[in-house]
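Q: Please take a close look at one part of this model and describe what lies around it. A plain, connected account is enough.

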Amino acid sequence: LADRLQNTMAKIRGKGKVNEADVKEMMREVRLALLEADVNFKVVKDFIKRVSERAVGQEVMKSLTPGQQVIKVVKEELTELMGGEQSQIAVSNRPPTVIMMVGLQGAGKTTTTGKLANLLRKKHNRSPLLVAADIYRPAAIKQLETLGKQLSMPVFSLGDKVSPVEIAKQALEFAKKEHHDYVLIDTAGRLHIDEELMGELKDVKELSKPDEIFLVVDAMTGQDAVNVADSFNEQLGLTGVVLTKLDGDTRGGAALSIRSVTNTPIKFIGLGEKLDALEAFHPERMASRILGMGDVLTLIEKAQANVDAEKVKELEQKMRTQSFTLDDFLDQLGQVRNMGPLEDLLGMLPGANKIKGLKNMQVDEKQIGHVEAIIRSMTKVEKEQPEIINASRKKRIAKGSGTSVQEVNRLIKQFDDMKKMMKQMTNMTKGKKKGLGMK
Ligand code: GDP
Ligand code: MG
């Protein structure tokens, strides 16, 4: 989705004035992009209708920057499509709050149960109890117990000879006795939806009266994820969806359709196998990401957790005024290194997926060392105005940093690309008072 939409958006962005025919053409592109991304047909139809209405309206045609206005409309409607404001997690006024995790086999239920427990404790200071109620999949109980061990959290299990309903019942009693304020029930999945599974899940629901029923779906399964969500919702009445494996090469269509098809909000997204790879779902951020602005907010949030806020503010300002220099870049590299695996961060950089060289550079930690050495070998003026770096300067820099002229060239090119991306992004967010949303 991202690629196709990004190309379209790049085209639109350049437009001076648009007429109705232009809007029509843009909408055709957007429509194709969405369909290609596996978004539900009916969802696309309604979406295009809404955007078109707004796009040919006053709002866009009369504006001085119609291209940007169209993008704004598309972004707002995408956000709306994915559920508007982000959703909260329930808190029962009679603890424990019970969360039942359901979904097909392999969707990521057990992993997400662990991640969610981790998040509840870390962010909300809760004391969750994990409940192993998948008695069918070999080693499912063991898997949850291993996660519990990693988290140093208790896992309630009665082996695989006791029914899930009985497990849930005893787990609730145990949780009350031990003062756990959350109970997360990890249930069994099947390869496909079947009556028996649904019957059993209904029984567990009946008994445990969950405050939340989260469906865990694999984002990679595209349109199937939407169908699965639809049936689970019909049978069990979901309160939320967790979309997993968004770190992979997914098309994103599922995120767009699930809400409108099932009327159930996506509450969290899974971004990796590790226990901290779960994030609250922000429709607006997802829309930005889809539109190629990169997940700047998430990046800044991450940065805030790891570096001091002053520096981040400074960086944001520099990005906005385009006075970002190679020195800042160097500084950033150092800070980025503190933020965690580079691969995870890469996807959040605006347009990073478009810059092949940058991608390779970022992922290879060793090369980062080279990049740092190159920048350090530059003079102050060179760092501020890389355009003055001619052939002889390049030779000197390469020699000084123990690298090659090619590497110096590559870095300058990458930095240039990055600045272009920042400029693009700044243009898109300009005029919006919120800016990059520093709260
Ligand atoms: P379950 O059958 O629904 O309980 O699924 P599991 O929790 O056992 O997960 C199945 C596989 O998906 C495991 O290998 C997980 O590590 C992996 N997985 C789960 N969530 C994510 C995610 O967000 N990203 C990635 N890359 N892998 C995930
Ligand atoms: Mg499981």
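A: Asn 125 counts as exposed because 8 C-beta neighbours lie inside 10 Å, and the cut-off for exposed is 12 or fewer. The model is a predicted one, and its Asn 125 sits in the loop between helix 6 and strand 2 (128–133). The backbone at Asn 125 has a positive phi of about 60°, although the residue is not a glycine. Most residues other than glycine have a negative phi.

Helix 6, on one side of that loop, spans residues 109–124 and packs with helix 7 (residues 140–151) at an angle of about 25°. The axes of helix 6 and helix 7 are 10 Å apart. Angles under 35 degrees count as roughly parallel, so helix 6 is roughly parallel to helix 7. The crossing of the two helices is right-handed. On the side of helix 6, the contact is made by Thr 110, Thr 113, Gly 114, Ala 117 and Asn 118. Helix 7 supplies Ala 140, Gln 143, Leu 144, Leu 147 and Leu 151. By class, this contact of helix 6 with helix 7 holds five nonpolar and five polar residues, and no charged ones.

Helix 6 also takes part in the surroundings of ligand 1, where it gives the largest share of the shell, three residues. There are 19 residues around ligand 1, and those that come nearest are Gly 108, Lys 109, Thr 110, Thr 111 and Gly 270. Thr 110 is thus named twice, being one of the residues of helix 6 in the contact with helix 7 and one of the nearest around ligand 1. The shell around ligand 1 divides into 11 polar, four nonpolar and four charged residues.

On the other side of the loop that holds Asn 125 is strand 2, and Val 131 is found in this strand. Val 131 is buried, because 32 other C-beta atoms lie within 10 Å and 20 or more are needed. Leaving aside neighbours within four places in sequence, Val 131 is in contact with Phe 156, Ile 167, Ala 168, Ala 171, Val 183, Leu 184, Ile 185 and Asp 186. Val 131 and Pro 164 are 33 residues apart in sequence, with their C-alpha atoms 9.8 Å apart in space.

A positive phi is also found at Lys 209, a residue other than glycine, with a value near 40°. Lys 209 is placed in the loop between helix 9 (195–208) and strand 5 (212–218). Lys 209 is exposed, since 10 other C-beta atoms lie within 10 Å.

Another backbone feature is the cis peptide bond that joins Pro 95 and Pro 96, with omega about 5°. Most peptide bonds are trans. Pro 96 is in the loop between helix 5 (66–81) and strand 1 (97–102).

As for the setting of this part, the chain has 21 helices and eight strands. Of its 439 residues, 43% are buried. Among contacts in the chain with a separation of 6 or more, 73% are between residues 24 or more positions apart.

Terms used:
Residues numbered from 1 in each chain as written. Chains lettered and ligands numbered in written order. Predicted model: local features only at pLDDT ≥ 70, side-chain atom pairs only at ≥ 80, totals over all residues. Axes fitted to C-alpha atoms, helices over the stretch in contact; angles between N-to-C directions. Helix = DSSP H or I, 4+ residues; strand = E, 2+ residues; numbered from the N terminus. Parallel < 35°, antiparallel > 145°, perpendicular 65-115°, else oblique. Left-handed = near helix turned anticlockwise from the far one by under 90°. Contact = placed C-beta atoms within 7 Å. Nonpolar A, V, L, I, M, F, W, Y, C, P; charged D, E, K, R; others polar. Near = placed C-beta within 6 Å.
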